[in-house]
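Here are my notes on the structure, set out as numbered points for someone meeting it for the first time. Please keep the model open beside them and look up each residue as it is named.

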Amino acid sequence: MIQIPHGEGEAQEVAVQTRLPEALPVLPLKDSVPFPDTLTPLAVGQERSVKLVNDVLAGNRMLVMVASRDGEIESPEPEDLYEVGVAGTVARMVKVPDGTLRILVHGAQRVRLLDFVQRQPYLVSRIEEAPDEVAPSAELEGLFRSVQNTFVRIIEEVPYLPEELQIAVTNLEDPAELAHMIAGALRIKTEERQELLEELSVAKRLRRLSELLARELELISIGSKIQSQVASEMEKGQREFFLRQQLKAIQDELGDVDDQEADAAELREQVEQANLPEHARKQAERELQRFERLPPQSAEHGVIRTYLEWIVSLPWSQSTEDHLDLKEARKTLDRDHYDMEKVKDRILEFLAVRKLKPDARSSILCFVGPPGVGKTSLGKSIAASMGRQFERISVGGVRDESEIRGHRRTYIGAMPGTIIRALRDAGSSNPIVMIDEIDKMGADFRGDPSSAMLEVLDPEQNSTFRDHYLDLPFDLSKVLFITTANQLEPIPAPLRDRMEVIQLAGYTEQEKLEIAKRYLVPRQVGHNGLVPSKIEFTDEALKLLIEGYTREAGVRNLEREIGAVCRKVAREYAEGRRRSKRTVRPKQVTELLGKRIFQPEVGRRTGEPGVATGLAWTPAGGDVLFVEATAFPGDGKLQITGQLGDVMKESAAAALSYIKRNVSALGEEVAEDFFRVNDVHLHVPAGAIPKDGPSAGITMATALASLVSRRPVRSDTAMTGEVTLTGLVLPIGGLKEKSLAAQRAEIKRVIAPRRNEDDFEDFPPNLLKEMEFVFVDTVDEVFANALEPEGGLSSRRRKGTAKGRGRVAAIASGVGGPSPG
């Protein structure tokens, strides 16, 4: 860009040329407007401007100086420049050691830019002259003298105009030259300078210049008056105070309102328009009065302003109207989620109650399930079906109560808590707020955020929720809160009591296949720049992705693997290696993603005696675990490894005690002194992962029975259940999740406690069709149905008909005491 020059260097003198060619190079100026008949000193620093000057000096030395509309633009384009400039000749050029140039341009004629014939390396435009329009008259003569006399008075008053300028102005007789000289000397805005340059009528130009001079003279007079007003108040060392008083006096004379008064007026207007409830309006009025009395330099000034802005930004009375069309809600839920009938029914029941009784208190729903089963997306679907705003906040890892309730205003940087911030972002007092990961909140010396949640999630209390920052009651009773968690146990009992828990189990393989076809594949195809006409997944390919590349209760990793396939196919199209449609079959899945990650290993690992397959529940869904037992000469000690918890160790001890007491029932070939002459080592692999819980009791007992009897455990069978010293099998939790894990591991048979038979109501039909479930009362029944039949138990112990693949096993009561029910 162009700056006023300074510095010294090598100079080059050139002659002045005024004859105009058809086109000339255009030199953009920053915050400067040239005038004809004047010498304009310029500093040239940009590379393209330096080249322009060098080319001009090598040619006819002529260029056009044009002001830029925006002084902040470093390299203006044609649309950034004014249309009128001054053609001139470079009269002198000085090279400065830093590589920049200092030039002196003699302005010759006013020109108008027509069209640009060159943009690189610098601008070149066709031009036409824009001569002055002079009509001699008495008015022109009067304007000439008025402008001349006024400017002479200004020269006498201001120090930045030299006295020699007064002599030059007095000796001028041409009105146009007088206007150009004065306009170039005055300190006025760039826009006003350009306005004077573009005015072709000399009379109008002088009239406008007369107005500007009168304004400058008035400001000078006001400045003198201000100085006399404040001189008596100024003391030594009070320069800053003096300057502020000057500014205030100037604003008074101009009729401007100072910033503090303007801020106060703006805030008061916002308070009046916010439709605040009475208690909030009174608080805002009190804070406004304090704000108006405080000086802007006060630290409290900014604190009060921020507080008032928060008050007026909250939706105290704004709300959205509920759309409670149950048929449309059902369509929305079905469109966004596959199956999940019980969850959808509960949501529709909630909407039905709201439709019949709009003022009914909202229930707090808590979706509990493993990751990736659609808990968060369910909340979005509810919001869409009701027509409400949706906000999501995550409290996972939150350990500070102030994150929920906000910080008090006494702290630096204080702000409201996440609940109030979510309402501000929603812009409505009745949004749907989803609180994610509520089971992962912690507590430390800063407080217990779960205790703060008690008030938020209690319909009896949250109508007067008081955030520490606002210190005003805010009604949360209209908000529909939905929480999500992976497990219920970490949630404190009082908080859990305030929520209605809806369990979301993992998906079966058939459900995953349908979800992939309906939702995941279309979404990933679109996300990766493909269309259905370019890629297609077969059912077999999707099944391979489900079974061989993912092991999860939800579908998050499945979508990730589908996305990986889509990216690789997208690359084939982008590189031009493929033009026809890509049909992804199992073979192509292996080619694109490599060998399958998960291989069936139940049969391989249970082929030897002493290994049994168990089922476990984890926050991420069900899982398969193996229990291994081995014996070696010793004196009957039990060694347990695998990073097991206390409960699991006690289950192992109970299982061993039962086997010792009933060792003779395991077969005639089993030595009764087996445990007196051998030590037993019980191990649960994946030792880096902590494990605990009683449900592996029958699995440990079966592994020990298999070891002692030398009868392998059936490779298609997994089991879960708690064992007692008397051989009873007690009920456990999470049977559905465990059964889904068995299905993922290609296990076709599950042994479970009889008292869990009622859990079948929640099982998907296809899971009951594909798998066999054997319900038992005693450990002997477990052995009878889990161990291979060769040599050992008599057929008497395998009473009952095993119902499988659509049937449930009905096992008769066995040995070991009364049935637990």
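1. A contact, as the word is used in these notes, means that heavy atoms lie within 4.5 Å. With that in mind, and remembering that this is a predicted model, consider Arg205, which is found in helix α6, made of residues 202-231. Leaving aside its neighbours within four places in sequence, Arg205 is in contact with Arg110, Asp132, Ala176, Ala179, His180, Leu196, Glu199 and Leu200.

2. Is Arg205 buried or exposed? Residues count as buried under 20% relative accessible area, and Arg205 has a relative accessibility of 2%, so Arg205 is buried. Pro175 stands 30 residues from Arg205 in sequence, while the distance from C-alpha to C-alpha is 9.6 Å in space.

3. For the chain as a whole, the model has 28 helices and 27 strands, and 49% of the 821 residues count as buried. If one takes the contacts between residues at least 6 apart in sequence, 74% of them join residues at least 24 apart.

4. Ala383 is one residue to examine with that last figure in view, and it lies in helix α13, which covers residues 375-386. The C-alpha atoms of Ala383 and Ile432 are separated by 6.2 Å, although the two residues are 49 residues apart along the chain. Not counting residues up to four places away in sequence, Ala383 touches Arg388, Gln389, Phe390 and Ile432. Its relative accessibility is 3%, and therefore Ala383 counts as buried.

5. The strands deserve a careful look, beginning with β6, which runs over residues 84-95 and is mostly covered, with ten of its twelve residues buried. On one side of the pairing pattern, β5 (residues 62-67) runs antiparallel to β6 and is joined to β6 by four bridges, with Met62 having Thr89 as its bridge partner in β6. Strand β7 (residues 101-118) also pairs with β6 in the antiparallel sense, here over eleven bridges, and Val94 has Arg102 as its bridge partner in β7. The hairpin of β6 and β7 has five residues between the strands, and within this hairpin Gly99 takes a positive phi near 95°.

6. Thr40 belongs to another strand, β4, which consists of residues 39-44. Its relative accessible area is 9%, which means that Thr40 is buried. Apart from residues up to four places away in sequence, Thr40 touches Pro34, Met65, Ile103, Leu104 and Val105.

7. Which residues have the most contacts inside the largest nonpolar core? They are Leu63, Val64, Ile103, Phe151, Ile182, Leu209 and Leu213, in a core that has 63 residues. There is also a second, separate core of 51 residues, which includes Phe367, Ile546, Leu558 and Val565. Returning to Leu213, and not counting residues up to four places away in sequence, one finds that Leu213 touches Val147, Thr150, Phe151, Ile154, Ile182 and Leu186.

8. Helix α19, made of residues 539-548, has as its buried residues Ala541, Leu542, Leu544, Leu545, Ile546 and Gly548. What covers these buried residues of α19 includes the helices α18 (509-527), α20 (556-574) and α21 (586-593), together with the strands β16 (535-537) and β17 (582-584).

9. The next two points concern empty space, and the largest pocket has a volume of about 830 Å³. Of the 37 residues that line the largest pocket, Ala616, Trp617, Thr618, Gly621 and Asp692 are the closest to its centre. Elements that each supply at least two residues of this lining are β18 (611-618), β19 (621-633) and α26 (735-744), and the largest share, five residues, comes from β19. By class, the lining of the largest pocket divides into 20 nonpolar, ten polar and seven charged residues.

10. The model also has three cavities of 30 Å³ or more, and about 40 Å³ of space lies in the second largest cavity. The residues that line the second largest cavity are Ser362, Ile364, Pro459, Asn462, Leu476, Ser477, Val479 and Phe481. In this lining there are five nonpolar and three polar residues, and no charged residues.

Methods: Residues numbered from 1 in each chain as written. Predicted model: local features only at pLDDT ≥ 70, side-chain atom pairs only at ≥ 80, totals over all residues. Heavy atoms only, no water. 1 Å grid on protein atoms, 1.4 Å probe; cavity = no way out; pocket = protein on both sides within 12 Å on 5 of 7 lines; lining within 4 Å. Points joined across faces, edges and corners; volume = space filled by probe spheres on them. Nonpolar A, V, L, I, M, F, W, Y, C, P; charged D, E, K, R; others polar. Buried < 20%, exposed > 50% of the residue type's maximum accessible area, 1.4 Å probe, protein only. Pairing = 2+ DSSP bridges. Core = buried A, V, L, I, M, F, W, Y, C linked by side-chain atoms within 4.5 Å.
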